[in-house]
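Got the viewer open and a selection box ready? Let's take a short walk through the empty and filled spaces of this model.

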Amino acid sequence: MKNVMEDVACAGCCCVCDDIQVTTDGQQILEVQTACPQGQAWFQQSLQTDALAPLIKGAEASPAAAVSRAVELIGQAQAPLIFGMHQSATDAQRAAVCLADRIGATIDTGASATTRALQQVGEATCTLGEVRSRADLIIYWGADALLTSECHRQSLDSGTQIVSPKIVSLGSALPESCEYVDQMIPIESEREFEVIWSLRALLKGVALAGNEPAGISLSDLRELVSLIQKSKYIVFFYGPEFKQGPLSHRKIEALSLLVREIQADRRCHSISVPRAGETKGAENVLAWQTGYAACVNFAAGYPRYSPEEYSANHVLEQQETDLCILVGAIALSGLSECALKHLARVPVILIGPAAVNLPNLEVFLPTGISGIHFPGTVYRFDGTPLPLRGYLTTGKSSEAEIISEIIALV
Ligand code: SF4
């Protein structure tokens with residue numbers, strides 16, 4: 001019998017669209033409406049999860065044997081690293097933190113740049129609902145995937161706006177299909193820091209006096225200042241292209257200062273946008289469990305934070321781990337090339353609903369999907385927690401259940 005469900009949430013990316021119609025026959029998904037291709041792929045994953053078997057060194061094993069091998073590997077490890085959790089529900093992220101605490105591991109969410117910046121200067125932010133209802137100028141900085149997402153466009157369209165907000169894109173040149181972008185201002189990536197400081201100066205009425213930044217034309221810069229001054233509610237969405245590079249935390253810090261200064265006489269907020277496919281809750285969970293949002297090490301028996309030393313990329317690049325536990329569907333997202341090189345040399349345990357092609361995958365523990373097989377909570381990229389429903393049955397355990405099983409045995 002067909003079962004049509006309205007307002008189902010998708011955890012396929014940070015947007016967490018929660019207006020999707022899903023038709024099932026009780027056993028599997030037959031049709032998904034209102035989802036983008038990425039969302040379609042996320043829902044279709046559920047067709048494969050039941051066929052996935054636990055693996056030990058590539059050979060099929062029973063779930064109990066795979067868990068027991070994982071426990072054995074953890075027992076032998078001196079410096080385990082837990083990473084991923086990008087599309088995991090809150091309960092799995094909480095269980096991962098608990099496992100890190102139990103085994104003295106380093107755990108990282110990949111959000112160290114944003115965390116470092118926000119610890120220094122704080123963040124003035126808002127929800128997507130406020131952006132939709134109030135913003136009259138929306139600036140996308142290095143957030144091309146979000147800007148070109150049809151689902152995101154729809155989420156900002158209340159249908160009752162008298163005047164549409166002005167949309168400005170900063171950063172790299174956009175594909176031609178972005179007809180809703182009112183203005184595109186190209187900025188060289190390595191000059192973005194200078195551009196922010198020049199904007200701060202111009203907004204305060206300080207003449208640049210021969211110190212015009214390279215990488216942007218002065219007329220574009222002045223036009224941007226004038227747009228900001230004419231607007232009442234400005235929102236910056238800053239994305240992965242803006243947050244890359246070794247000094248990205250300084251750029252985010254500078255942007256937060258700019259937002260704070262604009263706030264002096266009008267409303268201005270910023271929202272950090274994760275990479276494609278990533279969701280954003282792991283840093284919230286890590287922060288409420290340990291006091292730190294990323295890069296936490298439990299080796300001393302209590303949480304220690306070091307944004308450089310305990311970041312997953314650094315730990316892998318410096319070869320400071322001898323076991324990597326990956327959690328979630330896209331567990332390798334955010335790792336540098338050098339980090340991936342070392343990852344190929346250490347034993348890996350993968351707990352998630354999709355297999356990853358790694359030559360050194362010691363144990364694979366397949367799971368069901370939160371939001372399809374299990375209920376849960378996931379964070380939208382504006383920091384709003386949204387409920388996920390579980391509407392299909394599966395023979396698989398959830399990520400949280402498998403991690404809890406491991407915790408009970410180590
Ligand atoms: S935009 Fe993201 S959350 Fe929305 S349907 Fe597509 S993948 Fe799912």
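## Stop one: around the ligand

Start by selecting the ligand together with C10, G12, C13, V16, C17, I20, C36, Q38, G39 and C151, the residues around it. Keep in mind as you look that this is a predicted model.

Now colour that shell by class: you should get 7 nonpolar and 3 polar residues, with no charged ones. If you run a pocket search, the space taken by the ligand comes up as the second largest pocket.

## Stop two: the cavity

Next, hide the ligand and look for enclosed space. Rolling a probe the size of a water molecule over the atoms shows where empty space is left. How many cavities of 30 Å³ or more does a search of the whole structure find? The search turns up 1, and the volume of this largest cavity is about 80 Å³.

To see its walls, select W42, Q45, Q87, S88, A89, A329, P353, G368, I369, S370 and E399, which line the largest cavity. Colour by class again, and the lining splits into 5 nonpolar, 5 polar and 1 charged residues.

## Stop three: S88

From that lining, zoom in on S88, which sits in the loop between β6 (80-84) and α4 (90-103). Is S88 buried or exposed? S88 counts as buried because its relative accessibility is 2%, with the cut-off for buried set at under 20%.

Finally, show what S88 touches. Neighbours within four places in sequence aside, its contacts are Q93, T279, V327, G328, V378 and E399. You've already met E399, as one of the residues lining the largest cavity.

How values were computed:
Residues numbered from 1 in each chain as written. Predicted model: local features only at pLDDT ≥ 70, side-chain atom pairs only at ≥ 80, totals over all residues. Heavy atoms only, no water. Near = heavy atom within 4 Å. 1 Å grid on protein atoms, 1.4 Å probe; cavity = no way out; pocket = protein on both sides within 12 Å on 5 of 7 lines; lining within 4 Å. Sits in = over half its atoms within 2 Å of the grid points. Nonpolar A, V, L, I, M, F, W, Y, C, P; charged D, E, K, R; others polar. Helix = DSSP H or I, 4+ residues; strand = E, 2+ residues; numbered from the N terminus. Buried < 20%, exposed > 50% of the residue type's maximum accessible area, 1.4 Å probe, protein only. Contact = heavy atoms within 4.5 Å. Points joined across faces, edges and corners; volume = space filled by probe spheres on them.
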